[in-house]
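Student: Hi, could we go through this structure together? I'd like to start with one residue and then jump around a bit.
Tutor: Of course, here it is.

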Amino acid sequence: MELPDLAFAVWMFICFYASVNGYPSGKVREACTSMIPCHGSSPQLLPEHTITVNWTEFKPGDNIEVHLSGPDFEGFFIQARDAEHLDSSAVGSFMLVDRRLSQLLTCGHTKNSAVSHTSKTKKKYIKVYWIAPGNAPKRVQFLATVVKKYKTFWVKIPGPIVSQPNVPSPTTPLHVTSEAMSTSHLISYLSKPFNASGCGSMKFCIRNPSNCDPESASCFFLSFQQEKGLVFIEMSGPSEGYLAFALSHDQWMGGDDAYLCVNEDHHVYVSTAYLKGRSPPVLYSENALEDVSWRLVDGVLQCSFRRSIRLPAYKGRFNLDGSYYIFLADGEASEGGLIYKHRRQPLITNGMYNVTGLPQDIGGSRSPRLIKAHGALMFVAWITAVSIGVIVARFFKPVWSHSFLFGKEMWFQVHRILMLTTVMFTSMSFVLPFIYRGGWSHQAGFHPYLGCTVMALTIVQPLMAGFRPSRHAPRRQLFNWFHWSAGTTARILAVVTMFLGMDLPALDLPDPWDTYTMIGFVVWHVGIDVLLEIHSYCLVRKVEVIEDDRIQILQSLTSAEAEGRLFKQIVLTIYVCGNIVFLFAFLAAINQI
């Protein structure tokens, strides 16, 4: 496709000044609109590669195989667009077949609306699936940009056009032959997404985030509505693999009644299963579900079905008029329907609920309360108590040397109270994960090892302080060095441990917010430390000038420190307020998960 001279010149200008050197990793979101790689040369005119599909017609929710093939190529970029307006935004979403060769990208507001390469590895053939959205235009055309070498590439290679005929009735049944389902059951396609109307008044709903709209691409939704002797169940959430919920007598996996909506070979099947410990679910040969329907559009998987409140003929199945903890999980599934362990903690209700009782609209948590408490106590100890205690001991000895608290110098008492608070909170926090796990966690990486090291140093510090030599003793300098070294090491390791712990599945604070906020705290602390160091240096320089005039150095130092008292107290006040802001930000994030 030949570009107009002016447009091509502008494109070359942007690429040159942006210093773009290509996209070997396939992260080509900058090219979402133009589909032009910024490689500093003009595209080829006659394409060598072809795009093919397995169907020429589609309806919402259909999956169409898209193939890109030809001579060896390093990179590619595939989109589907309105055939009547090829300059418009991408249409629909894609699913991958081989994650080693291809990856999903989000162009515009549509998740997974483009596919690109993962590396410069030479390839001859790419296969993906395009999922038709509910609002697709009448005709859709596939386009591809292919990079053979850095300066040899083709832009917007035209592919086949698929069209949407008159949409059939949404209740047109599709016969299912999954082993986990009875072949006598019919599955229908949902023409519209679920909605939250009636939540809390007519049906029992679980939503995450709270009060989210199930039509949203980030909303996990589960509802139960009683209909005489049946319960109508809706489940929805962003997932390309599976969604599942389970009824449990406790907040641990095992001995639970589970229901799975699995994307198997690009059709959604609903199965029932028994959860035995942390092993893969054991599927029932008969699921006793009725009126099964599903929808898979723009990365959001939805399914609904009806189930009798009581199933006396099915051993191991729970009655729906009892009270249970409710789990809601998502994860990946292979093409054969094999499901993988969920990468993050499932959403778990905070109490036991009867879904056929009083309708409610509730949320849940992906983090157990013990782990939340563990994180909160560590943040209080190492973001607030330790940081303020160190600043006080380092810079406020001269300022508060003549002020006393409980018979001791104020700076020392404040420092000691904050450090003992740290020891107490760290010790309390340390035991909580062991109580939750019932032992050592082998899946938490370096976090528990570093945590144990921090705990050991936290205990060593007060023990070492108990044997502190007198101020003028010969070993006082040695004690000061060891005390400072152990404390500084503990602080550094504590920050690293918190960095690692924030992204563990049991806590999993919002990413990348958690990383940026922790980096902000470190920068804030270092910045205040440097500011006070510079201030102290300036005072010492002032003392040296006074010393040149033959005035006693100790008297001069006292005078100079007195002059800086107000400045240091203002800085300390600002620092304490800043630390409290960081602390409340982390505590609010913990409360939201």
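Student: Is D291 buried, exposed or partly exposed?
Tutor: D291 has a relative accessibility of 45%, so it counts as partly exposed, and please keep in mind throughout our chat that this is a predicted model.

Student: Where does D291 sit in the chain?
Tutor: D291 belongs to strand 19, which covers residues 289-297. Its backbone deserves a look as well, since D291 is not a glycine and yet has a positive phi of about 50°.

Student: And what about the phi of K156?
Tutor: K156 is likewise a residue other than glycine, and its phi is positive, near 50°. K156 is placed in strand 9, residues 152-163, and with a relative accessibility of 10% it counts as buried.

Student: Why does 10% make K156 buried?
Tutor: The word buried is used for anything under 20% relative accessible area, and K156 is at 10%, so it falls in that class.

Student: OK, new topic: how many aromatic pairs are there?
Tutor: The structure holds 19 aromatic pairs. One of them is formed by F204 and F224, which meet edge-to-face with 6.4 Å from centre to centre and 65° between the planes.

Student: Why does the pair of F204 and F224 tie together separate parts?
Tutor: F204 is in strand 12 (residues 204-208) while F224 is in strand 13 (residues 220-227), so the pair joins parts that are 20 residues apart in sequence. Both of these phenylalanines are buried.

Student: What about F521 and F582, how are those rings arranged?
Tutor: F521 and F582 are an edge-to-face aromatic pair too, with 5.9 Å between the centres and 70° between the planes. This pair links distant parts of the chain, 61 residues apart, with F521 in helix 6 (residues 513-548) and F582 in helix 8 (residues 565-592). F521 and F582 are both buried.

Student: Which residues make up the aromatic cluster with F204?
Tutor: That cluster is formed by F204, F224, F245, Y259, F305 and Y353.

Student: Which charged residues sit over rings?
Tutor: R366 lies over the face of F220, 4.8 Å from the ring centre, and R394 has its charged end over the ring of F395, at 4.9 Å from the centre of that ring.

Student: Going back to strands 12 and 13, what lies in the loop between them?
Tutor: P209 is found in that loop, and the peptide bond that joins N208 to P209 is cis, with omega at about 0°.

Student: How do the side chains point along strand 1?
Tutor: They alternate along strand 1, residues 50-53, with I51 and V53 buried and pointing to one face, whereas T50 and T52 point to the other face and are not buried. Strand 1 also pairs with strand 2 (residues 63-73) in the antiparallel sense over 4 bridges, and T50 has S69 of strand 2 as its bridge partner.

Student: Last one, what does T458 touch?
Tutor: If we leave aside residues up to four places away in sequence, T458 touches W382, V423 and T426. T458 is in helix 4, residues 447-466, and a polar atom of its side chain lies 2.6 Å from the backbone oxygen of V454. The relative accessibility of T458 is 4%, so this threonine counts as buried.

Conventions. Residues numbered from 1 in each chain as written. Predicted model: local features only at pLDDT ≥ 70, side-chain atom pairs only at ≥ 80, totals over all residues. Heavy atoms only, no water. Phe/Tyr/Trp six-rings, centres within 6.5 Å; stacked < 30°, edge-to-face > 60°. Helix = DSSP H or I, 4+ residues; strand = E, 2+ residues; numbered from the N terminus. Buried < 20%, exposed > 50% of the residue type's maximum accessible area, 1.4 Å probe, protein only. Lys NZ or Arg CZ within 6 Å of the ring centre and 35° of its normal. Polar contact = N/O pair within 3.5 Å; in protein donor to acceptor, adjacent residues only side chain to side chain. Contact = heavy atoms within 4.5 Å. Pairing = 2+ DSSP bridges.
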